[in-house]
Structure formats: structure tokens, C-alpha cells
Amino acid sequence: MVIDSATDGRIQRGNETRRAVLGRAVQIASVEGLDALSIGRLATDLGLSKSGVFAGFGSKEELQLATVRAARRIFYDRVVTPALEHPRGAGRLLALCEHWLEYSRGRVFAGGCFFYEVTAEFDARPGPVRDALARSATEWETLLTDLAREAAAAGELPAGSDPEELAMLLTGLMDSANSLAVLHDDPSRYDRTMRTARRLLGFPPA
């Protein structure tokens, strides 16, 4: 199939519009929630036509789902991918915690952790958006648990450590650090959380 230059240009412009819309959408949602997203608002914020934004998504629910997918890609690029470059074991798990805390501290999303904000919004609301958020949460918990199991199998965790409990503790610590650091504008919450994570993983104080 031959694509002429006009068609190719429209496709490129459509992709650029979609990226711009999602870049703005993830920031809004991290502060105000996914329900704050609308075709009209995004068009106004970005100086685009409503019809142009609508053509890229078709419905508010699809816009919300696309925003969740975009946030997930950003999260993996900033947190998961660099952590997995570390050797297997407790050091990799510690690196994952470090990158997560820096992701929240550095306000990759304006509201701190995107998923903390929007999961609280949708956790009791059945539907495709909740399902997408649940899948992301399960992926994250599974990753933490798998890394904790690898560290335990290598004999690198403190005696008596349970990988599932450790993953749950680390998740709770990081969520709490994010919430309280944003609420009180207090970055010291991240430092205290990192010290606690190091202790749980058997590392000496930094």
C-alpha cells in the first residue's frame, strides 16, 4: 500500500496531537484526577480544536484509559527500566525503591505519584478504568515481590524476611512518603523512607 505525502502528514500531525494531549492529561490527572479530564479543557489548554482532540480519542473513557497507559509508560521509563539495569538481588530491589522515591520527589507528575492519585479516585468504581489501574497495581506488586524473592533466594535479605510481606511494606512506605511529602511539602519524608527501606533490606545507613 502506498501512502501519499498528504496522508502521511495527517498521520504525523495526529500522532503529535495525541502526544501533546496525553502529556497534558497525565499532569492534570495527577493533581485533579481522571474525572477532571475533558476534550474541551485539553483543547483550550493546548490551543487545539475540540474536533481534533476528540478525533484522537472518541470518548472521555478512552481518553482516561489512554492517559493511564501513557502514565504507565512514563513510570516504567523513569522507575522500572533503570532499576532493572542493576544486578539481581537486594541491590536491584533497593534501586527500585530509590528510583520510585526520586520519581515522586522530582515531580515527574505534578501531583506526585500519578497512580496514587487516580487509584484512590477509581478503586470503588467498577469499569474499564478501574480494571486498567488494577492491572498496573498488580504488575507493580508482582515486580516488587519477584525482586524480593530473588534477593531472598540469593541469601541477601535479613533472616526471617518474607518476600510478600516485604513487598507490601515497601509499597506502603513509598505511598505514604508520596502522600505526606506532597501534602506537607516536606521532602524529608523521602529521606526517612529511604533509610527505612535500607534497614528492611539489610543495608547499612547511607
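A residue is called buried when its relative accessible area is under 20%, exposed when that value is over 50%, and partly exposed in between. Keep that in mind as you go through these close-ups of a predicted model.

**View 1. A salt bridge joins Glu150 and Arg88.** The side chains of these two residues, Glu150 and Arg88, come together with N and O 2.5 Å apart. Glu150 sits in helix H7, while Arg88 belongs to the loop between H4 and helix H5 (90-105), so the pair links parts of the chain that are 62 residues apart. How open to the surroundings is Glu150: buried, partly exposed or exposed? With a relative accessible area of 25%, Glu150 is partly exposed, because that value falls between the 20% and 50% limits. Arg88, at 59% relative accessibility, counts as exposed.

**View 2. Arg24, Glu32, Arg41 and Asp45 form one salt-bridge network.** What holds these four residues together is a set of salt bridges that share partners. One pair to look for is Asp45 with Arg41, whose closest N and O atoms are 3.8 Å apart. Both lie in helix H2, and because they are four residues apart there, about one helical turn separates them. Asp45 is partly exposed at 37% relative accessible area, and Arg41 is partly exposed as well, at 27%.

**View 3. Arg125 and Asp35 meet from distant parts of the chain.** Here is another of the 12 salt bridges: the closest N and O atoms of Arg125 and Asp35 are 2.9 Å apart. Arg125 is in the loop between H6 and H7, and Asp35 is in the loop between helix H1 (5-32) and helix H2 (39-46), with their positions 90 residues apart in the chain. Arg125 is partly exposed, with a relative accessible area of 34%. Asp35, at 36%, is partly exposed too.

**View 4. The largest nonpolar core contains 59 residues.** Among the residues with the most contacts inside this core are Leu34, Trp100, Phe114 and Phe115. Which helix gives the most to the core? Helix H4 (residues 60-83) does, with 10 residues. Zoom in on Leu34 and you will find that its contacts include Lys60, Thr67, Phe114, Val118 and Phe122.

**View 5. Helix H6 has one buried face.** Within this helix (residues 114-122), Phe114, Phe115, Val118, Glu121 and Phe122 are buried. Looking down the axis of H6, you would see these buried residues within an arc of 130 degrees, so they line one face of the helix.

**View 6. Thr145 is a buried residue of helix H7.** The relative accessible area of Thr145 is 9%, so this residue counts as buried. A polar atom of the Thr145 side chain lies 2.8 Å from the backbone oxygen of Glu141. Leaving aside residues up to four places away in sequence, Thr145 touches Pro163, Glu164 and Ala167.

**View 7. Cys97 and Cys113 stay unpaired in a structure with zero disulfides.** Why is Cys97 in no disulfide? The nearest cysteine sulfur, that of Cys113, is 13 Å away, and a disulfide needs the two sulfur atoms within 2.5 Å. Cys97 counts as buried at 1% relative accessibility, and Cys113 is buried at 5%.

Terms used: Residues are numbered from 1 along each chain as its sequence is written. This is a predicted model: local features need pLDDT of at least 70, side-chain atom pairs count only at pLDDT 80 or more; totals for chains, interfaces and linings use all residues. Side-chain values use heavy atoms; hydrogens and water are left out. Buried means under 20% relative accessible area, exposed over 50%, partly exposed in between (1.4 Å probe, protein chains only). Helices (H or I, at least four residues) and strands (E, at least two) are DSSP runs, numbered from the N terminus. The arc is that of the directions from the helix axis to the C-beta atoms. A polar contact is a pair of N or O atoms within 3.5 Å; within protein, one must be able to donate a hydrogen and the other to accept it, and residues adjacent in sequence count only if both atoms are side-chain atoms. Contact means heavy atoms within 4.5 Å. A nonpolar core is a set of buried Ala, Val, Leu, Ile, Met, Phe, Trp, Tyr and Cys residues joined through side-chain atoms within 4.5 Å.
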